[in-house]
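Hi,

Here is the structure I promised to hand over. Have a look at it first, and then read on for what turned up.

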Amino acid sequence: MSQKKPKLGQNFLTDPSARRRIVEALGDISSSTVLEIGPGRGALTDLLAARAQDLIAVELDRALAPRLTEIWKSSGHVAILQADILELDLATVRAVTGIGGDAPLVVVGNLPYYITSDILLRLFAQTASISRAVVMVQEEVADRLAATWGTSAYGLLSATAQMHGRVEKLFALPPEAFSPAPSVSSAVVRLDMHPRFEELRVERIAFLRFLQMCFRQKRKTLVNNLKSAGVAETVDVLAAIEETGLSAAVRAEAVSLESMAAIYRRLYSNCGKHEKTGDSLAG
Ligand code: SAM
């Protein structure tokens with residue numbers, strides 16, 4: 001019998017050692033403002049509140065958020081925000097809650113899996129406000145986030161994440177670590193934010209759009225993906241790829257970010273055409 005999916009991705013963490021390991025993966029947070037995504041019933045919240053200088057916990061559920069607010073109402077360093085993480089501006093969240101210092105936020109969360117990609121994209125778009133993130137995701141997503149180029153797990157999600165920071169898969173957890181148990185295994189990843197756009201001399205939005213074109217169809221070669229995206233109309237795609245020392249038959253998953261950036265610069269430096277990205281990690 002198929003299990004009903006919990007609303008708002010509410011699979012609550014019940015494994016005590018996993019709670020501790022997630023919080024420890026953040027490192028020393030005694031002088032940090034921590035932003036917790038989806039505190040739920042507070043599986044991580046107590047531990048975070050005990051260790052962080054300040055804690056802002058953002059929960060969408062209109063029943064769970066008031067319960068947490070009640071628990072933490074007399075604490076000067078914990079703020080519960082009933083809000084959608086996808087609509088939150090991390091640059092102003094401290095002004096809104098009235099707590100927290102000036103340093104970039106440390107983000108943590110056992111993410112609701114139905115919007116994992118959207119949350120990650122939101123975090124990537126706001127790396128100026130974040131130093132580190134430790135998040136629980138589906139194990140398959142963790143493997144893709146941390147995959148090395150040249151391996152079969154490497155794709156658009158890996159390239160996008162690794163343009164924004166260093167990614168490390170820390171440990172996996174079985175479904176039984178949660179209640180109700182999800183249908184998939186989970187894993188915790190650490191993202192140390194360190195955007196590479198300036199270093200690789202590419203414009204962020206345009207390069208992310210370019211990556212989407214490169215990885216459009218996994219089975220196709222890079223040249224065919226770019227041609228079918230319409231790049232061939234303006235410039236010689238094959239020449240750009242070969243000038244980077246790659247073969248005509250190369251697929252995007254076998255190309256390092258340095259080489260991707262070199263191809264991009266070769267294709268776009270003269271024509272100045274930067275398409276606007278629609279944020280998506282599909283394909
Ligand atoms: N942190 C808790 C734990 O580990 O047990 C709960 C984790 S549960 C997987 C995900 C939590 O995210 C739920 O409490 C859910 O209500 C909350 N949530 C779902 N969508 C959200 C959104 N858009 N913004 C903020 N919180 C959200």
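A quick definition before the contacts: a pair of N or O atoms within 3.5 Å counts as a polar contact. Also keep in mind that this is a predicted model.

With that cut-off, the side chain of Asp84 makes a polar contact, because one of its N or O atoms is 2.8 Å from a nitrogen atom of the ligand. Tyr114 also reaches the ligand through its side chain, with a polar atom 3.0 Å from a ligand nitrogen. Leu60 uses its backbone instead: a polar atom there is 3.3 Å from a nitrogen of the ligand. As for cover, the ligand on its own would expose 600 Å², and the protein buries 99% of that.

Where does the ligand sit? The space it takes up is the largest cavity.

Now the shell. The ligand is surrounded by 23 residues, with Gln10, Leu13, Gly38, Glu59 and Asn110 the closest. Sorted by class, the shell comes out as 13 nonpolar, 6 polar and 4 charged residues. Two strands that each put at least two residues into it are β1 (12-13) and β3 (54-59).

One more thing, on the aromatics. There are 6 aromatic pairs in the structure. One of them is Phe210 with Tyr268, an edge-to-face pair with 5.9 Å between centres and 85° between the planes. This pair ties together distant parts of the chain, as Phe210 belongs to helix α8 (residues 204-214) and Tyr268 to helix α11 (residues 257-268), 58 residues apart.

Over to you, and shout if anything is unclear.

Cheers

Definitions and conventions: Residues numbered from 1 in each chain as written. Predicted model: local features only at pLDDT ≥ 70, side-chain atom pairs only at ≥ 80, totals over all residues. Heavy atoms only, no water. Near = heavy atom within 4 Å. Polar contact = N/O pair within 3.5 Å; in protein donor to acceptor, adjacent residues only side chain to side chain. Areas by Shrake-Rupley, 256 points an atom, 1.4 Å probe, with all protein chains shown as cover. 1 Å grid on protein atoms, 1.4 Å probe; cavity = no way out; pocket = protein on both sides within 12 Å on 5 of 7 lines; lining within 4 Å. Sits in = over half its atoms within 2 Å of the grid points. Helix = DSSP H or I, 4+ residues; strand = E, 2+ residues; numbered from the N terminus. Nonpolar A, V, L, I, M, F, W, Y, C, P; charged D, E, K, R; others polar. Phe/Tyr/Trp six-rings, centres within 6.5 Å; stacked < 30°, edge-to-face > 60°.
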